[in-house]
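Here are a few short exercises to work through with the model open beside you. Try each task before reading its solution.

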Amino acid sequence: GIEVGGQPSAEDRASLLEVETWMKGFLLALPAGGTVRNREVLKMEDALQECDTARLQKQAGKFGFTEPIPVRGLLKSLQQHIEAIPFDFAKHADTIAELTTSSQHPLNG
């Protein structure tokens with residue numbers, strides 16, 4: 001990620017530009033001024049804070065903006081968060097899969 005006070009890498013700058021371009025397109029698709037625009041911008045802000053890309057994409061689609069939302073930066077951020085967890089998911093993948101499968105099976109409870 002981008003360090004506070006640091007300079008973004010070329011990859012981070014590319015991700016930021018993708019997001020900025022997408023956001024501008026979405027904002028241009030919204031009605032100019034008025035309560036509808038204000039309400040949608042507030043919804044957009046909530047979705048951004050929650051990293052809810054599905055909700056953002058659906059919201060944009062309501063106004064005819066169907067450009068796929070860029071997720072490269074989000075994926076990088078998620079990867080960094082996963083790497084920071086002191087647990088080897090790969091080592092325990094089979095156990096996790098078994099636990100998940102058994103806990104969701106309707107006959108196994």
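Helices here are DSSP runs of H or I with at least four residues, and strands are runs of E with at least two. Keep in mind that this is a predicted model.

**Exercise 1.** Work out which elements the protein chain has, and in what order.

*Solution.* Start by counting: the protein chain has five helices and zero strands. Next, read from the N terminus, which gives α-α-α-α-α.

**Exercise 2.** Find the residues of the largest nonpolar core and the helices that supply them.

*Solution.* First, list the members: W22, M23, F26, L30, M44, A47, L56, A60, F65 and I69, 10 residues in all. Then assign them to helices: α1 (10-29), α2 (34-49) and α3 (53-62) each supply at least two. The largest share, three residues, comes from α1. Finally, look at one member, I69: leaving out residues up to four places away in sequence, I69 touches W22, T53, L56 and Q57.

**Exercise 3.** Decide whether E40 and K62 are each buried or exposed, and describe how their side chains meet.

*Solution.* Buried means under 20% relative accessible area and exposed means over 50%. E40 has 2%, so E40 is buried; K62 has 53%, so K62 is exposed. Their side chains form a salt bridge, 3.7 Å from N to O. Because E40 lies in helix α2 and K62 in helix α3, the pair ties together parts 22 residues apart in sequence.

**Exercise 4.** Name the acidic partners of R55.

*Solution.* One salt bridge joins R55 to E50 at 2.6 Å, N to O. Another joins R55 to D52, with the closest N and O atoms 3.1 Å apart. As for accessibility, R55 is partly exposed at 32%.

Notes: Residues are numbered from 1 along each chain as its sequence is written. This is a predicted model: local features need pLDDT of at least 70, side-chain atom pairs count only at pLDDT 80 or more; totals for chains, interfaces and linings use all residues. Side-chain values use heavy atoms; hydrogens and water are left out. A nonpolar core is a set of buried Ala, Val, Leu, Ile, Met, Phe, Trp, Tyr and Cys residues joined through side-chain atoms within 4.5 Å. Buried means under 20% relative accessible area, exposed over 50%, partly exposed in between (1.4 Å probe, protein chains only). Contact means heavy atoms within 4.5 Å. A salt bridge is a side-chain nitrogen of Lys or Arg within 4 Å of a carboxyl oxygen of Asp or Glu.
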